Amino acid sequence: MNNIRNFCIIAHVDHGKSTLADRLLHLTGTVPERDTTEQILDSMDLEREKGVTIKASAVRMNYTAADGQTYELNLIDTPGHVDFGYEVSRALAACEGAILVVDATQGIEAQTLANLYQALEADLTIVPVINKIDLVTARPDEVAEDIASLLGVPPESILRVSAKTGENVAAVLEAVVARVPPPKGDAEAPLRALVFDSHYDSYKGVVAYVRVVEGRLAAADDIRMMSTGAAVKPIEVGIFAPMMKPVAALSAGEVGYIATGLKSVRDARVGDTITSAARPAAAPLPGYRHPKPMVFAGIYPAEADDYQDLREALEKLQLNDASLYFEPETSQALGYGFRAGFLGLFHMEIIQERIEREYDLDVVFTAPTVAYEVLLRDGTTRIVDTPADLPDEGEIEEIREPWMTIEIITPTEFYGPIMELATKRRGIFKGPQYPAPHRVQLNFEIPLSEIIVDFFDELKSRTRGYASLDYQFLEYRPDKLQKLEILVNGEPVDALAAIVHTKDAYHKGQRMITKLKELIPRQLFEVAIQASSGGRVISRANVKPLRKDVLAKCYGGDITRKKKLLEKQKRGKKRMKMVGNVEIPQDAFMAVLKLEEE
Amino acid sequence: MNYSLYLHIPFCVRRCAYCDFNTYAGQEALIPDYVEALRREIEAVARAAPGRLTVHTIFFGGGTPSLLSPRHFERILTALQSHFSILPEAEISLEANPGTVTLASLRDLRALGFNRISYGVQSFHPEELRQLERIHNPLDVFDAVRWARRAGFENLNLDLIYGLPEQSLDRWTATLRWALSFAPEHLSLYALTIESGAPFGRWTARGLLPLPDPDLAAEMYTQAGERLGVNGYEQYEISNWARPGFQCRHNLQYWRNRPYLGFGAGAHGYAGKMRVANALRIRSYIERCKSPASLPFPLSPASVHKRVISRRVEMQETMMTGLRLTREGVSAREFARRFGVQVTDVFGAEIEKLLGLGLLEWAQEKDDRILRLTPSARLLGNQVFLHFVD
């Protein structure tokens, strides 16, 4: 056990985590040197191409150090997106050390800090590394000063490397061996293994990535999931080298996998503890949490015929993503689809992209919303994550919405624009911190609903891309909230309903109407669009009837070309959604996402 | 079954700013070879035809057919006469640009058998002609019409374009009045279509030119229709008006979905349950026509596309083209005679829906029933036609 080192790499997106990981794999001979741009830890595309899963989020490397001894180094990957804070915390819990990678040109950013604080909370030994020293814009001395003051370590102890060129990367391995402590844990105690990640394999079922904290896990042993009590007969126990490689057993301190044969990753959730069925542990490892969706949206097939394909795509995505939640939903405007819950906006974007790219489905996502707690006059509380389902105003005592704490790290010059952005969105300023010279961390409390629609884009544009953001759930708070409805020729469009703050109802309604007037094409009759809130119409516009839609000429007998145009027009019409007898293009359902700030 | 022949003459002195037809400027040196290629193609197609075909209309379109000399036309017409049975009363049309004709050339053309001229006038406003990048001025039209009459042409058409960017209703009315003052037998009024492949398309995309206002264009169309009616013209197609007896028989062939052969670069043909199209570029057309290959009718060595038309598609296309005919429409009796099935049995649901939307109407014509666009639907044709495509 003394020769085992379990560590992860924490870094802001683009600071070079994957490139560094690749270098380490090459240096240790775990993966033969080849095209260094092919990053092993981000291997989604690769997986698909090969049709097998080689998701290498826990690779074992054997390394012979300068002291002549051979070490077992387990590199554990952490998800890069802020929505996956909980998953990150479980990955950290499987380690004793963390390499903190900071870009020599960018310096410390919000996500780096958030992960670093988590790593420190998890009692990990930090090995700070400044990357990208080969770039001409690198300012390693400055960044070293910042890190030194942050961690309270001498600046000289901070390694300076270029993962791209390979410069000084060997020193990183030596530092891991020298500074990261070996794991502790009683190999004779009853088995307790932490699940820190998982994937679904069509042959082996759910493959749980585990860190054995105590005890020993042999391939033949029956095991039990401690959160559900489910008994499992493992198909295989092994390590990632980096491909899955069966071993006879995993002992305390070791990292590897258990192929469980389970059919869904929900049955082997991240954070759960696996124990032995024959000699179960008394208590699970601390910190298990059931992931809770925070952001909700309707997902509908662009063409009704694709409903079954969409269901299958979501089911397949869920096999590998325990935090994706969905259930069937029917919208009068959009037809049959699903209500889906996500950990956050980034998570939603990832799912949207995967549905479109990997499953080649054309889908309509409705505007994202949060889950509101609605206290009714009769004393009951209801959770509303579909705005159209909000009960009548008369029945409502109080509406509560989720609030978040957010930390924004930015060069000090953008202090003002960020304050303006956050306070405009009901953010409450909790004060600044100065993690490094010329950098300020602005802390706010802000309703989640205010940051799920283009907050991040807006933040990036106001700070020329320099600001970074991290957020966590805080609590539910009551506020003056009301339903904003859009009516088309008098009929409310369920998929366009929103829950908004009273003070924003008028403006949002107006902007929605302006946008919809642009997006709804002229029809054979006049179309009235209205925004209504609090029982009255707050904005209206008319789309004039279509007067001219005909090809003037059918030239030289070229009927084929004319037909192609008509066929295209017909396809476009078919993709429209009907509300009453009004055709509404799918873009319109995303309109609320595209309301520009005046 | 009478056939129609279309001959494409793709040469132009200059390309107009709104035009995305298959035309080329500055390639006039190829005209002699092109005329030769046309002769070869005519011969190749006619030889493969099931017997000697009877022809009742011939149309030279472009491009600018009037760039060819009367001698060129003579060669082409001789080829046509030796391979087809051209009816004595056949309509033989020439598209011409004012400014490319002379009294002498028109006399020669008339002597060769041409009996209809269609002038691309477009506008009588000098500024609009400049905007369209036409090569003629309003005075050229005056000469072109006068000379045509003097040469003995008794069937003249003027093409006009409305709905230009920034065109006012008044300017359009002025153009229309000028056109009427020449007392043409036929008038085609085309709404400007912004084609992405033409300079107008690029200019509007880049914001250099405003897009025409569709409501104003609709108003222009409605007012023009009224004015032409008062002046004794009958509308017979969405964009076409004629004095009684002067409907363009060649274009009627397309709209009645009857067979025609297309010769020349990029020309389209429809015969033998097949739609075919030729190579677009002049040089490749000329090269292809040198091939001695004998292909099944109506293909020619220049054909690059062919599509076999199923009975179902033929029925759809008959609706799509026939409903462009605003008076004649689609005759229930003719449809049943042609396809052996009632139009209401094939397209019952579509027709019901369109009747309900007020876009189509039934008209009683002696013992026949005719399905046609309602007057207000004439500018909404696409909303009707798209029910007859898949």
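Strands here are DSSP runs of at least two residues, numbered from the N terminus. With that in hand, welcome to a set of close-ups of a predicted model.

**Figure 1. Met61(A) sits within strand β2 of chain A.** The strand covers residues 58-64 of chain A. Is Met61(A) buried or exposed? The relative accessible area of Met61(A) is 0%, so this residue counts as buried, the cut-off being under 20%. Leaving aside residues up to four places away in sequence, Met61(A) touches Phe7(A), Leu24(A), Leu25(A), Thr28(A), Thr30(A), Tyr71(A), Glu72(A), Leu73(A) and Leu75(A). For a sense of scale, pick out Gln308(A) as well: 247 residues along the chain separate Gln308(A) from Met61(A), and 43 Å lies between their C-alpha atoms.

**Figure 2. Strand β22 of chain A is largely enclosed by the rest of the structure.** This strand spans residues 372-376, and five of its five residues are buried, which is why it counts as enclosed. Which residues cover its two faces? On one side are Tyr372(A), Val374(A) and Leu376(A), on the other Glu373(A) and Leu375(A), and all of these are buried.

**Figure 3. Val374(A) of strand β22 has bridge partners in strand β23 and in strand β24.** Strand β23 of chain A (residues 381-384) runs antiparallel to β22(A), with four bridges joining them. Here Val374(A) is matched with Arg382(A). Strand β24 of chain A (residues 396-411) is also antiparallel to β22(A), again through four bridges. In β24(A), Val374(A) finds its partner in Ile399(A). Look too at the hairpin of β22(A) and β23(A): four residues lie between the strands, and Gly379(A) takes a positive phi near 90° there.

**Figure 4. Eight strands of chain A form an open sheet.** Follow the antiparallel sheet in the order β11-β10-β16-β7-β8-β15-β12-β13. Which strands are at the edges? They are β11 (231-232) and β13 (244-246) of chain A, each of which pairs on one side only. Within the sheet, strand β8 (residues 205-214) and strand β15 (residues 255-259) of chain A run antiparallel and share five bridges. One bridge to look for places Arg211(A) opposite Val255(A) of β15(A).

**Figure 5. Strand β4 of chain B is mostly covered.** Of the nine residues in this strand (residues 54-62), eight are buried. Strand β1 of chain B (residues 3-9) pairs with β4(B) in the parallel sense over seven bridges, and His8(B) is bridged to Gly61(B) of β4(B). Strand β5 of chain B (residues 85-96) is likewise parallel to β4(B), with six bridges between them. In that pairing, Val55(B) has Ile86(B) as its partner in β5(B).

**Figure 6. Four spots in the backbone repay a second look.** Most residues other than glycine have a negative phi, and most peptide bonds are trans. Against that background, the bond from Gly62(B) to Gly63(B) is cis, with omega near 10°. Gly63(B) belongs to the loop between β4 and α2 (70-83) of chain B. Another cis peptide bond links Phe297(B) to Pro298(B), where omega is about 5°; Pro298(B) lies in the loop between α10 (282-289) and β14 (303-308) of chain B. Asp123(A) has a positive phi near 65° and is placed in the loop between α4 (110-121) and β5 (125-131) of chain A. Its relative accessibility is 68%, so Asp123(A) counts as exposed. Lys273(B) also has a positive phi, near 60°, in the loop between β12 (268-271) and β13 (274-278) of chain B. Because its relative accessibility is 48%, Lys273(B) counts as partly exposed.

**Figure 7. Chain A and chain B meet at an interface that buries about 3,400 Å².** On carbon and sulfur atoms lies 56% of that area. How many residues of each chain are in contact? Chain A brings 26 residues and chain B brings 44. Six salt bridges are counted between the two chains, including the one between the side chains of Arg522(A) and Asp215(B), at 2.6 Å from N to O. On the side of chain A that touches chain B, 13 residues are charged, nine nonpolar and four polar. There are also 19 residue pairs in polar contact between the chains, counting pairs with both residues at pLDDT 80 or more.

Definitions and conventions. Residues are numbered from 1 along each chain as its sequence is written. Chains are lettered from A and ligands numbered from 1 in the order in which they are written. This is a predicted model: local features need pLDDT of at least 70, side-chain atom pairs count only at pLDDT 80 or more; totals for chains, interfaces and linings use all residues. Side-chain values use heavy atoms; hydrogens and water are left out. Contact means heavy atoms within 4.5 Å. Buried area is the accessible area (1.4 Å probe) that two parts lose on being put together, summed over both. A salt bridge is a side-chain nitrogen of Lys or Arg within 4 Å of a carboxyl oxygen of Asp or Glu. A polar contact is a pair of N or O atoms within 3.5 Å; within protein, one must be able to donate a hydrogen and the other to accept it, and residues adjacent in sequence count only if both atoms are side-chain atoms. Ala, Val, Leu, Ile, Met, Phe, Trp, Tyr, Cys and Pro count as nonpolar, Asp, Glu, Lys and Arg as charged, and the others, Gly among them, as polar. Buried means under 20% relative accessible area, exposed over 50%, partly exposed in between (1.4 Å probe, protein chains only). Two strands pair if DSSP finds at least two bridges between them.
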